[in-house]
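This report looks at charged side chains and their partners, and at how much of each is open to the surroundings. Please keep the sequence and the model at hand while reading.

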Amino acid sequence: MLKIDIHTHILPPELPDFKKMFGYGGFIQLKQCPGCTDFDMVDDSGKFFRRVQENCVNPEVRLQEYDKHHVHVQVLSTIPVMFSYGIKAEDGLVVSKLLNDHISEVVKSNPKRFVGLATVPLQDPKMAAKEAERCIKQLGFKGFQIGSHVNDWNLSDPALYPFYEACEALDAPLFVHPWDMRGQDKMQKYWLPWLVGMPMETSLAISSMIFGGIFHKFPKLRVAFAHGGGSFPFTIGRIQHGFDSRPDLCAVDNKVPPKDYLGHFYFDSLVHDPKALKYLVELVGAEKICLGTDYPFPLGEQIPGKVIEDAFPNDKETQEWLFSKSALNWLGMKKEDFAK
Ligand SMILES: [Zn+2]
(Lines give C-alpha, C1' and ligand atoms only; values in the text may rest on other atoms or scores of the structure.)
Protein backbone atom coordinates (compact mmCIF):
# COMPACT_ATOMS: atom_id res chain seq x y z
CA MET A 1 0.00 0.00 0.00
CA LEU A 2 1.35 3.43 -0.97
CA LYS A 3 2.12 5.50 2.13
CA ILE A 4 2.65 9.26 2.02
CA ASP A 5 3.73 11.13 5.15
CA ILE A 6 2.59 14.74 4.74
CA HIS A 7 4.28 16.02 7.91
CA THR A 8 8.07 15.74 7.97
CA HIS A 9 10.68 18.43 8.52
CA ILE A 10 14.09 18.95 6.96
CA LEU A 11 16.90 21.48 7.22
CA PRO A 12 19.92 22.16 5.00
CA PRO A 13 23.08 20.67 6.55
CA GLU A 14 24.49 24.18 6.87
CA LEU A 15 22.76 27.45 7.63
CA PRO A 16 24.48 30.76 6.89
CA ASP A 17 25.25 33.24 9.64
CA PHE A 18 22.05 35.27 9.22
CA LYS A 19 23.07 37.62 12.02
CA LYS A 20 26.13 38.60 9.99
CA MET A 21 24.15 38.79 6.77
CA PHE A 22 21.36 41.00 8.09
CA GLY A 23 23.10 42.88 10.89
CA TYR A 24 20.71 41.80 13.66
CA GLY A 25 20.15 38.69 15.71
CA GLY A 26 17.40 36.24 16.54
CA PHE A 27 18.29 33.41 14.15
CA ILE A 28 18.90 29.72 14.59
CA GLN A 29 22.28 28.25 13.69
CA LEU A 30 23.26 24.62 13.20
CA LYS A 31 26.43 23.39 14.89
CA GLN A 32 27.63 19.87 14.23
CA CYS A 33 28.53 18.17 17.49
CA PRO A 34 32.26 17.40 17.63
CA GLY A 35 32.97 13.79 16.68
CA CYS A 36 29.32 12.85 16.05
CA THR A 37 26.64 13.15 13.39
CA ASP A 38 24.16 15.12 15.54
CA PHE A 39 23.62 18.85 15.20
CA ASP A 40 22.79 21.37 17.87
CA MET A 41 20.34 24.11 16.96
CA VAL A 42 21.47 27.20 18.85
CA ASP A 43 20.35 30.80 18.64
CA ASP A 44 22.92 33.40 17.65
CA SER A 45 23.60 34.24 21.27
CA GLY A 46 24.68 30.60 21.65
CA LYS A 47 21.60 29.49 23.62
CA PHE A 48 20.75 25.84 23.00
CA PHE A 49 17.36 25.24 21.32
CA ARG A 50 17.31 21.55 20.40
CA ARG A 51 19.60 18.73 19.28
CA VAL A 52 18.74 17.09 15.98
CA GLN A 53 20.11 13.96 14.41
CA GLU A 54 21.57 13.38 10.98
CA ASN A 55 18.13 12.35 9.70
CA CYS A 56 17.06 15.99 9.98
CA VAL A 57 19.50 17.01 7.25
CA ASN A 58 20.47 13.87 5.30
CA PRO A 59 17.97 12.64 2.66
CA GLU A 60 19.65 9.24 2.35
CA VAL A 61 19.36 8.50 6.06
CA ARG A 62 15.73 9.62 5.96
CA LEU A 63 14.87 7.19 3.18
CA GLN A 64 16.71 4.31 4.85
CA GLU A 65 14.68 4.89 8.01
CA TYR A 66 11.42 5.11 6.05
CA ASP A 67 12.19 1.95 4.07
CA LYS A 68 12.23 0.08 7.37
CA HIS A 69 8.60 1.10 7.89
CA HIS A 70 7.53 0.72 4.25
CA VAL A 71 6.61 4.38 3.91
CA HIS A 72 7.38 5.48 0.39
CA VAL A 73 6.93 9.27 0.32
CA GLN A 74 7.95 12.08 2.64
CA VAL A 75 6.40 15.51 2.15
CA LEU A 76 9.18 17.87 3.22
CA SER A 77 8.79 21.21 4.95
CA THR A 78 11.09 23.38 6.99
CA ILE A 79 11.07 23.55 10.80
CA PRO A 80 8.62 26.25 11.94
CA VAL A 81 11.33 28.05 13.92
CA MET A 82 12.73 29.01 10.47
CA PHE A 83 9.56 30.85 9.34
CA SER A 84 11.22 34.18 10.24
CA TYR A 85 7.96 36.15 9.98
CA GLY A 86 9.23 38.57 12.63
CA ILE A 87 12.17 39.97 10.65
CA LYS A 88 12.34 42.52 7.81
CA ALA A 89 10.35 41.18 4.87
CA GLU A 90 13.22 41.41 2.38
CA ASP A 91 15.41 39.41 4.78
CA GLY A 92 12.57 36.95 5.32
CA LEU A 93 12.55 36.45 1.56
CA VAL A 94 16.28 35.66 1.62
CA VAL A 95 15.74 33.04 4.35
CA SER A 96 12.72 31.56 2.52
CA LYS A 97 14.57 31.34 -0.79
CA LEU A 98 17.53 29.62 0.78
CA LEU A 99 15.33 27.00 2.46
CA ASN A 100 13.16 26.56 -0.64
CA ASP A 101 16.14 26.17 -2.97
CA HIS A 102 17.49 23.47 -0.67
CA ILE A 103 14.22 21.49 -0.41
CA SER A 104 13.77 21.81 -4.17
CA GLU A 105 17.18 20.18 -4.73
CA VAL A 106 16.34 17.32 -2.36
CA VAL A 107 13.04 16.71 -4.16
CA LYS A 108 14.69 16.83 -7.58
CA SER A 109 17.26 14.26 -6.41
CA ASN A 110 14.44 11.76 -5.74
CA PRO A 111 11.04 12.97 -6.99
CA LYS A 112 9.37 9.58 -6.45
CA ARG A 113 10.15 9.69 -2.73
CA PHE A 114 10.01 13.39 -1.83
CA VAL A 115 7.43 16.16 -2.26
CA GLY A 116 8.18 19.75 -1.26
CA LEU A 117 6.19 22.31 0.71
CA ALA A 118 7.79 25.75 0.51
CA THR A 119 7.92 28.54 3.08
CA VAL A 120 7.17 32.18 2.22
CA PRO A 121 7.74 35.57 3.93
CA LEU A 122 4.16 36.09 5.08
CA GLN A 123 4.97 39.34 6.88
CA ASP A 124 4.62 40.77 3.34
CA PRO A 125 1.81 38.75 1.70
CA LYS A 126 2.40 40.23 -1.77
CA MET A 127 6.08 39.30 -1.59
CA ALA A 128 4.99 35.88 -0.28
CA ALA A 129 2.68 35.47 -3.28
CA LYS A 130 5.58 36.22 -5.64
CA GLU A 131 7.87 33.68 -3.96
CA ALA A 132 4.95 31.23 -3.98
CA GLU A 133 4.73 31.54 -7.75
CA ARG A 134 8.49 30.95 -8.16
CA CYS A 135 8.27 27.86 -5.93
CA ILE A 136 5.40 26.24 -7.82
CA LYS A 137 6.30 27.25 -11.37
CA GLN A 138 10.09 27.07 -11.28
CA LEU A 139 11.12 24.88 -8.34
CA GLY A 140 8.53 22.11 -8.59
CA PHE A 141 6.93 22.58 -5.17
CA LYS A 142 3.41 21.29 -4.63
CA GLY A 143 2.30 23.59 -1.81
CA PHE A 144 3.24 25.61 1.24
CA GLN A 145 3.67 25.25 4.95
CA ILE A 146 2.57 28.29 6.95
CA GLY A 147 2.43 29.14 10.66
CA SER A 148 -0.72 29.16 12.79
CA HIS A 149 -0.46 32.97 12.90
CA VAL A 150 1.77 35.64 11.37
CA ASN A 151 3.03 38.07 14.00
CA ASP A 152 -0.15 39.93 15.10
CA TRP A 153 -2.32 38.51 12.32
CA ASN A 154 -4.47 35.47 12.79
CA LEU A 155 -5.05 33.50 9.60
CA SER A 156 -8.38 35.31 9.13
CA ASP A 157 -6.64 38.65 8.61
CA PRO A 158 -7.52 40.35 5.30
CA ALA A 159 -3.83 41.27 4.99
CA LEU A 160 -3.23 37.62 4.04
CA TYR A 161 -5.80 37.55 1.22
CA PRO A 162 -3.22 38.20 -1.56
CA PHE A 163 -1.38 35.06 -0.48
CA TYR A 164 -4.55 32.96 -0.35
CA GLU A 165 -5.48 34.27 -3.80
CA ALA A 166 -2.08 33.18 -5.08
CA CYS A 167 -2.50 29.70 -3.59
CA GLU A 168 -5.87 29.31 -5.29
CA ALA A 169 -4.47 30.52 -8.61
CA LEU A 170 -1.52 28.13 -8.30
CA ASP A 171 -3.77 25.27 -7.16
CA ALA A 172 -1.35 24.80 -4.24
CA PRO A 173 -2.42 23.35 -0.89
CA LEU A 174 -1.49 24.75 2.51
CA PHE A 175 -0.18 22.89 5.54
CA VAL A 176 -0.82 24.92 8.71
CA HIS A 177 1.68 24.19 11.48
CA PRO A 178 1.50 25.53 15.05
CA TRP A 179 4.41 27.71 16.07
CA ASP A 180 5.39 30.71 18.23
CA MET A 181 3.01 29.46 20.91
CA ARG A 182 1.27 32.32 22.64
CA GLY A 183 1.45 32.48 26.40
CA GLN A 184 4.61 30.38 26.52
CA ASP A 185 6.25 32.82 28.90
CA LYS A 186 3.68 31.48 31.40
CA MET A 187 4.42 27.83 30.52
CA GLN A 188 8.10 27.54 31.29
CA LYS A 189 8.00 24.06 32.81
CA TYR A 190 7.01 20.59 31.67
CA TRP A 191 7.36 21.20 27.89
CA LEU A 192 3.93 22.87 28.10
CA PRO A 193 4.32 25.09 25.01
CA TRP A 194 4.56 21.89 22.95
CA LEU A 195 1.94 19.89 24.88
CA VAL A 196 -0.67 22.57 25.54
CA GLY A 197 0.32 25.61 23.47
CA MET A 198 0.58 23.82 20.12
CA PRO A 199 -2.90 22.21 20.19
CA MET A 200 -4.32 25.63 21.14
CA GLU A 201 -2.46 27.33 18.27
CA THR A 202 -3.89 24.88 15.75
CA SER A 203 -7.42 25.34 17.05
CA LEU A 204 -6.91 29.10 16.90
CA ALA A 205 -5.82 28.85 13.27
CA ILE A 206 -8.83 26.72 12.27
CA SER A 207 -11.34 28.80 14.24
CA SER A 208 -9.93 32.06 12.82
CA MET A 209 -10.19 30.76 9.27
CA ILE A 210 -13.77 29.57 9.83
CA PHE A 211 -15.05 32.69 11.59
CA GLY A 212 -13.15 34.93 9.19
CA GLY A 213 -14.87 33.25 6.25
CA ILE A 214 -11.60 32.22 4.60
CA PHE A 215 -13.00 28.90 3.33
CA HIS A 216 -15.96 30.83 1.91
CA LYS A 217 -13.90 33.56 0.27
CA PHE A 218 -11.32 31.12 -1.10
CA PRO A 219 -13.37 28.00 -1.79
CA LYS A 220 -10.65 26.30 -3.81
CA LEU A 221 -8.06 26.56 -1.03
CA ARG A 222 -7.07 23.09 0.20
CA VAL A 223 -5.87 23.37 3.78
CA ALA A 224 -4.47 20.65 6.06
CA PHE A 225 -3.86 21.22 9.75
CA ALA A 226 -1.10 19.53 11.74
CA HIS A 227 -1.44 17.33 14.83
CA GLY A 228 -4.95 16.15 13.99
CA GLY A 229 -6.25 19.71 14.28
CA GLY A 230 -4.89 20.18 17.82
CA SER A 231 -7.68 20.84 20.30
CA PHE A 232 -10.18 21.86 17.60
CA PRO A 233 -11.86 18.49 16.93
CA PHE A 234 -12.66 17.86 20.58
CA THR A 235 -13.94 21.41 21.15
CA ILE A 236 -15.98 21.88 17.95
CA GLY A 237 -19.15 21.32 20.02
CA ARG A 238 -18.19 24.25 22.22
CA ILE A 239 -17.22 26.39 19.23
CA GLN A 240 -20.57 25.66 17.53
CA HIS A 241 -22.47 26.38 20.75
CA GLY A 242 -20.61 29.68 21.10
CA PHE A 243 -21.59 30.57 17.54
CA ASP A 244 -25.25 29.70 18.24
CA SER A 245 -25.51 31.43 21.61
CA ARG A 246 -23.49 34.56 20.88
CA PRO A 247 -23.72 35.31 17.16
CA ASP A 248 -23.10 38.96 18.06
CA LEU A 249 -19.53 37.89 18.96
CA CYS A 250 -18.89 34.95 16.65
CA ALA A 251 -20.93 35.46 13.47
CA VAL A 252 -19.72 38.97 12.73
CA ASP A 253 -17.75 38.12 9.58
CA ASN A 254 -19.28 34.80 8.53
CA LYS A 255 -22.84 33.58 9.08
CA VAL A 256 -22.07 29.96 8.18
CA PRO A 257 -22.11 27.64 11.23
CA PRO A 258 -18.65 26.26 12.13
CA LYS A 259 -19.87 22.64 11.93
CA ASP A 260 -20.74 23.15 8.28
CA TYR A 261 -17.02 23.30 7.54
CA LEU A 262 -16.27 19.86 8.95
CA GLY A 263 -15.04 17.81 6.03
CA HIS A 264 -13.99 20.91 4.12
CA PHE A 265 -10.37 20.83 5.26
CA TYR A 266 -7.81 18.16 6.10
CA PHE A 267 -6.02 16.95 9.23
CA ASP A 268 -2.90 14.88 9.64
CA SER A 269 -3.13 11.69 11.71
CA LEU A 270 -0.72 12.74 14.46
CA VAL A 271 -2.92 12.24 17.53
CA HIS A 272 -0.93 9.45 19.28
CA ASP A 273 -4.10 7.58 20.26
CA PRO A 274 -6.20 5.18 18.14
CA LYS A 275 -9.39 6.27 19.94
CA ALA A 276 -8.73 9.89 19.02
CA LEU A 277 -8.06 8.93 15.40
CA LYS A 278 -11.31 6.96 15.19
CA TYR A 279 -13.18 9.98 16.51
CA LEU A 280 -11.46 12.20 13.93
CA VAL A 281 -12.49 9.86 11.11
CA GLU A 282 -16.05 9.91 12.42
CA LEU A 283 -15.97 13.71 12.59
CA VAL A 284 -14.61 14.60 9.14
CA GLY A 285 -14.33 11.34 7.18
CA ALA A 286 -11.33 9.21 6.29
CA GLU A 287 -10.97 11.08 3.02
CA LYS A 288 -9.92 14.17 4.94
CA ILE A 289 -7.17 12.64 7.09
CA CYS A 290 -3.59 12.05 5.93
CA LEU A 291 -0.69 10.21 7.51
CA GLY A 292 1.51 12.77 9.29
CA THR A 293 4.30 11.99 11.74
CA ASP A 294 6.36 15.12 12.50
CA TYR A 295 9.46 13.10 11.58
CA PRO A 296 12.22 13.25 12.74
CA PHE A 297 11.29 14.75 16.10
CA PRO A 298 10.73 13.02 19.43
CA LEU A 299 7.15 14.28 19.82
CA GLY A 300 6.30 12.75 16.44
CA GLU A 301 5.03 9.26 15.72
CA GLN A 302 8.09 7.03 16.00
CA ILE A 303 6.69 4.19 13.85
CA PRO A 304 5.04 6.03 10.97
CA GLY A 305 1.40 5.06 10.61
CA LYS A 306 1.19 2.86 13.71
CA VAL A 307 -1.76 4.82 15.07
CA ILE A 308 -3.59 4.26 11.76
CA GLU A 309 -2.96 0.51 11.87
CA ASP A 310 -3.95 0.33 15.54
CA ALA A 311 -7.16 2.28 14.98
CA PHE A 312 -8.25 0.42 11.83
CA PRO A 313 -6.52 -2.99 11.92
CA ASN A 314 -9.03 -4.79 9.67
CA ASP A 315 -10.22 -1.89 7.58
CA LYS A 316 -8.02 -1.67 4.49
CA GLU A 317 -10.28 0.86 2.81
CA THR A 318 -9.95 3.38 5.64
CA GLN A 319 -6.22 2.66 5.87
CA GLU A 320 -5.84 3.38 2.19
CA TRP A 321 -7.48 6.78 2.53
CA LEU A 322 -5.33 7.71 5.52
CA PHE A 323 -2.10 6.34 4.09
CA SER A 324 -2.30 7.93 0.65
CA LYS A 325 -5.62 8.66 -1.05
CA SER A 326 -6.46 11.72 1.07
CA ALA A 327 -2.91 13.03 0.69
CA LEU A 328 -3.04 12.63 -3.10
CA ASN A 329 -6.27 14.65 -3.24
CA TRP A 330 -4.86 17.30 -0.94
CA LEU A 331 -1.61 17.57 -2.87
CA GLY A 332 -3.35 17.39 -6.26
CA MET A 333 -1.15 14.45 -7.26
CA LYS A 334 -1.69 10.95 -8.59
CA LYS A 335 -0.56 7.54 -7.38
CA GLU A 336 1.37 7.15 -10.65
CA ASP A 337 3.53 10.15 -9.71
CA PHE A 338 5.25 7.82 -7.21
CA ALA A 339 5.30 4.63 -9.27
CA LYS A 340 8.65 2.87 -9.05
ZN1 LIG B 1 5.91 19.47 12.73
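Which residues are linked in a network of salt bridges? In this predicted model, the network is made up of Asp-101, Glu-131 and Arg-134. A search of the whole structure finds 11 salt bridges, and three further pairs are described here one by one. As background, side chains of opposite charge can pair when their charged atoms come close.

**Salt-bridge pairs**

| Pair | N to O distance |
|---|---|
| Arg-51 and Asp-40 | 2.7 Å |
| Asp-171 and Arg-222 | 2.8 Å |
| Asp-185 and Lys-186 | 3.7 Å |

The side chains of Arg-51 and Asp-40 meet in a salt bridge with an N to O distance of 2.7 Å. This pair links distant parts of the chain, since Arg-51 belongs to strand S4 (residues 48-52) and Asp-40 to strand S3 (residues 39-43), with their positions 11 residues apart in the numbering. Arg-51 is partly exposed, having a relative accessible area of 48%, whereas Asp-40 has a relative accessibility of 15% and therefore counts as buried, the cut-off for that class being under 20%.

A salt bridge of 2.8 Å, again given from N to O, joins the side chains of Asp-171 and Arg-222. Here too the pair links distant parts of the chain, 51 residues apart: Asp-171 sits in the loop between helix H5 (161-170) and strand S10 (174-177), while Arg-222 sits in the loop between helix H7 (214-217) and strand S11 (223-225). Asp-171 is partly exposed at a relative accessible area of 48%, but Arg-222, at 15% relative accessibility, counts as buried.

The third pair in the table consists of Asp-185 and Lys-186, whose side chains meet in a salt bridge of 3.7 Å, N to O. Asp-185 is exposed, with a relative accessible area of 53%, and Lys-186 likewise counts as exposed, at 74% relative accessibility.

**A proline in a loop**

Is Pro-298 buried or exposed? With a relative accessible area of 66%, Pro-298 is exposed, because residues over 50% are placed in that class. Pro-298 lies in the loop that runs between strand S13 (289-290) and helix H11 (306-311). Its C-alpha atom is separated by 25 Å from the C-alpha atom of Val-223, and these two residues are 75 residues apart along the chain.

Terms used. Residues are numbered from 1 along each chain as its sequence is written. This is a predicted model: local features need pLDDT of at least 70, side-chain atom pairs count only at pLDDT 80 or more; totals for chains, interfaces and linings use all residues. Side-chain values use heavy atoms; hydrogens and water are left out. Helices (H or I, at least four residues) and strands (E, at least two) are DSSP runs, numbered from the N terminus. Buried means under 20% relative accessible area, exposed over 50%, partly exposed in between (1.4 Å probe, protein chains only). A salt bridge is a side-chain nitrogen of Lys or Arg within 4 Å of a carboxyl oxygen of Asp or Glu.
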